[in-house]
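Here is a model to read label by label. For each term, the value is set against its cut-off.

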Amino acid sequence: MSERSHTPAVIALPRPFASYAIVLLSAAALALTGQVASIALGVHAVAVVVALRTRLAPRAWQRSAWILNAGLLLASAFAAGLWLRGALALVALAHFTHLAQALQLLDARPRRSDFLLVALALFQIILAANLTDSFLFPPLLLAFLIATVWTLIQHTLWMEAMQAGETGVAQRAFAPRLWRTTLTASAACVALAFGIFLVLPRLQSGSLASGSGLGGAAAGFSDRVSLGDIGRIRSDPSVALRVETVQGVQLPPERAYWRGLAFDTFDGRQWSITPPARQLLPGSVDFGIRVSRTQAPPDLVQRVLREPVASGVLFGAGSPIEVAGAIGRLERDPNGGLYAPESTESRVHYTVESHVATPDVAALRADRSVPPAPGGERFLALPALAPEIAALALQIAPPGASDADRARAVETWLRHNGRYSDTPPREVPGDPRSPIERFLLESTEAHCEYFASAMVVLLRSIGVSARLVNGFAGGRANEFGGFVELSRADAHAWVEVHYERAGWVAY
């Protein structure tokens with residue numbers, strides 16, 4: 001063919017089917033994240049169907065700049081509304097690109113290229129990569145790469161034919177033998193991307209996604225924590241979790257807790273998990289791993305987005321029964337804490353099925369606190385403490401009442417006699433007492449770690465098996481997005497007491 005002009009040709013022909021392939025693949029990748037509202041997915045699906053049905057005979061409104069621009073303004077307003085209501089910036093961008101792509105597909109006006117459609121699809125793939133860890137994403141990405149290369153090769157040939165004035169040749173440019181070129185070019189792209197991935201340092205987009213400019217994995221959630229660690233975490237307003245309830249009823253913020261790790265050994269200053277060894281749980285967590293022996297069905301299923309955590313701890317409401325997600329291997333410590341050690345520096349999505357129902361007061365009063373077997377004696381062990389501590393415990397919860405009533409009496413005493421403060425008791429040079437002794441016998445003013453530690457110490461002093469638990473509590477409900485967002489400032493510590501029949505019960 002001979003080229004007649006260097007002026008870019010205006011294309012009035014229908015879009016090739018390859019363009020629809022990249023649109024569908026990018027839309028599938030975004031849908032896979034579970035972060036795109038059903039209404040946006042529905043509008044996009046309707047747009048694809050309409051565009052295909054009117055591909056050869058577009059309607060008049062598909063050529064109206066007023067209607068199409070009005071649609072773009074609505075898409076912008078929808079995305080901006082999501083962001084203003086608390087959605088992540090990436091999620092708002094995902095909605096905008098998704099709806100803008102639908103409009104671009106419906107646009108039947110003469111165009112100079114389809115590169116904008118390809119660019120929107122590529123942007124959606126990048127957003128999806130930041131919003132999902134699904135094992136289905138890599139094959140979708142590979143299919144998208146092949147479809148994109150195929151589309152761009154066809155588009156280049158098409159444009160050359162159009163510029164040469166050979167419309168008939170342009171419409172026959174999509175020869176099957178182009179597949180060999182397409183696959184070769186795709187393989188070269190994959191090889192180049194892999195080489196760049198290995199050579200260049202990776203840039204994480206956590207700050208954009210979460211609104212945090214701090215970056216890095218949150219410390220303080222490991223198998224050994226000192227008094228004050230939770231307080232330091234609480235000074236950071238960065239987003240830590242976003243939780244969507246899939247099944248069951250989410251508890252109100254004042255009763256909502258997401259458990260991280262439980263600690264059994266206390267030396268007066270530091271909590272630890274003994275023994276620290278973890279067990280690798282068999283199976284594929286992509287399809288779900290059962291982490292509890294209970295046969296009771298879950299009464300709460302939640303989808304969790306967790307930002308980087310130094311030890312890869314996974315958080316869940318109540319007692320987790322099953323965990324699923326593309327999080328690599330799954331490990332469990334002796335106290336039931338769950339870890340995804342390959343996720344310490346990355347954001348992960350996972351689904352956790354939990355049992356959150358608690359026994360009623362009458363059932364607990366009829367029960368008794370006993371150490372779990374085997375090795376339960378560690379939940380009664382205490383460091384050397386001033387004798388006034390044991391005397392205080394007996395004064396607060398004298399013998400004769402049920403273990404449940406005694407536990408509640410200790411909790412009530414701490415509520416009434418303590419004062420919450422983000423400033424822990426200061427160290428006194430030369431004072432041999434531990435921070436928890438000074439807290440109980442002097443000021444009774446500190447943050448949640450001290451209150452929870454004090455409750456465990458008092459309960460163990462009267463023979464009630466207890467442990468300290470850390471995690472997150474409260475959060476802010478986003479009614480529009482249908483999720484609860486928790487920041488590192490929502491880090492919290494509380495207490496679990498072990499009963500013979502009820503098992504571990506939270507206080």
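Q: What makes R59 count as partly exposed, rather than buried or exposed?
A: This is a predicted model, and its relative accessibility for R59 is 43%. Buried means under 20% and exposed means over 50%. R59 falls in between, so it counts as partly exposed. The residue sits in the loop between α2 (38-53) and α3 (65-84).

Q: Why does the approach of R59 to the backbone oxygen of A57 count as a polar contact?
A: A polar atom of the R59 side chain lies 2.9 Å from the backbone oxygen of A57. The cut-off is 3.5 Å between N or O atoms, so the pair qualifies by distance. R59 can also be placed against A108: the two are 49 residues apart in sequence, and their C-alpha atoms are 8.2 Å apart.

Q: Why is the pair R278 and E331 called a salt bridge?
A: Their closest N and O atoms are 3.4 Å apart. The limit is 4 Å between a side-chain nitrogen of Lys or Arg and a carboxyl oxygen of Asp or Glu, so the pair passes.

Q: What makes this a link between separate parts of the chain?
A: R278 lies in the loop between β5 (270-272) and β6 (279-280), while E331 is in strand β11 (residues 331-332). They are 53 residues apart in sequence, so the pair ties those parts together.

Q: Which of R278 and E331 is buried, and how do you know?
A: E331 has a relative accessible area of 12%. That is under 20%, so E331 is buried. R278 has 32%. That value lies between 20% and 50%, so R278 is partly exposed.

Q: How do you know that E307 and R347 form a salt bridge?
A: The closest N and O atoms of E307 and R347 are 3.1 Å apart. That is within 4 Å, so the rule is met. The pair links distant parts of the chain, 40 residues apart. E307 is in the loop between β8 (300-306) and β9 (316-317). R347 is in the loop between β12 (338-339) and β13 (348-355).

Q: Why are E307 and R347 each called buried?
A: E307 has 6% relative accessibility, and R347 has 11%. The cut-off is under 20%, so both residues are buried.

Q: What makes R467 and E496 a salt bridge?
A: Their closest N and O atoms are 2.8 Å apart. The limit is 4 Å, so the pair counts. R467 is in strand β16 (residues 466-473) and E496 in strand β19 (residues 491-499), 29 residues apart. Both residues are buried.

Q: Which residues are joined into one network by salt bridges that share partners?
A: R278, R329, E331 and E342 are joined in this way. By the same 4 Å rule, the count for the structure comes to 14 salt bridges.

Q: Why is the pair F315 and F472 called edge-to-face?
A: The ring centres are 5.0 Å apart, and the planes meet at 70°. Centres within 6.5 Å make a pair, and planes over 60 degrees apart make it edge-to-face, so F315 and F472 fit. F315 lies in the loop between β8 and β9, and F472 in strand β16. They are 157 residues apart in sequence, so the pair ties those parts together. F315 and F472 are buried. The structure holds 6 aromatic pairs.

Q: How do you know that F379 and W504 are edge-to-face?
A: Their ring centres are 5.0 Å apart and their planes are at 65°. The angle is over 60 degrees, so the pair is edge-to-face. F379 lies in the loop between α11 (361-365) and α12 (387-396), and W504 in strand β20 (residues 503-506).

Q: Why do F379 and W504 get separate burial labels?
A: F379 has 3% relative accessibility, which is under 20%, so F379 is buried. W504 has 25%, which lies between 20% and 50%, so W504 is partly exposed.

Q: What makes R467 a charge over the ring of W504?
A: R467 lies over the face of W504, at 3.7 Å from the ring centre. The distance limit is 6 Å, so R467 meets it. R242 lies over the face of F483 at 4.4 Å from the ring centre, also within 6 Å.

Methods: Residues numbered from 1 in each chain as written. Predicted model: local features only at pLDDT ≥ 70, side-chain atom pairs only at ≥ 80, totals over all residues. Heavy atoms only, no water. Helix = DSSP H or I, 4+ residues; strand = E, 2+ residues; numbered from the N terminus. Buried < 20%, exposed > 50% of the residue type's maximum accessible area, 1.4 Å probe, protein only. Phe/Tyr/Trp six-rings, centres within 6.5 Å; stacked < 30°, edge-to-face > 60°. Lys NZ or Arg CZ within 6 Å of the ring centre and 35° of its normal. Polar contact = N/O pair within 3.5 Å; in protein donor to acceptor, adjacent residues only side chain to side chain.
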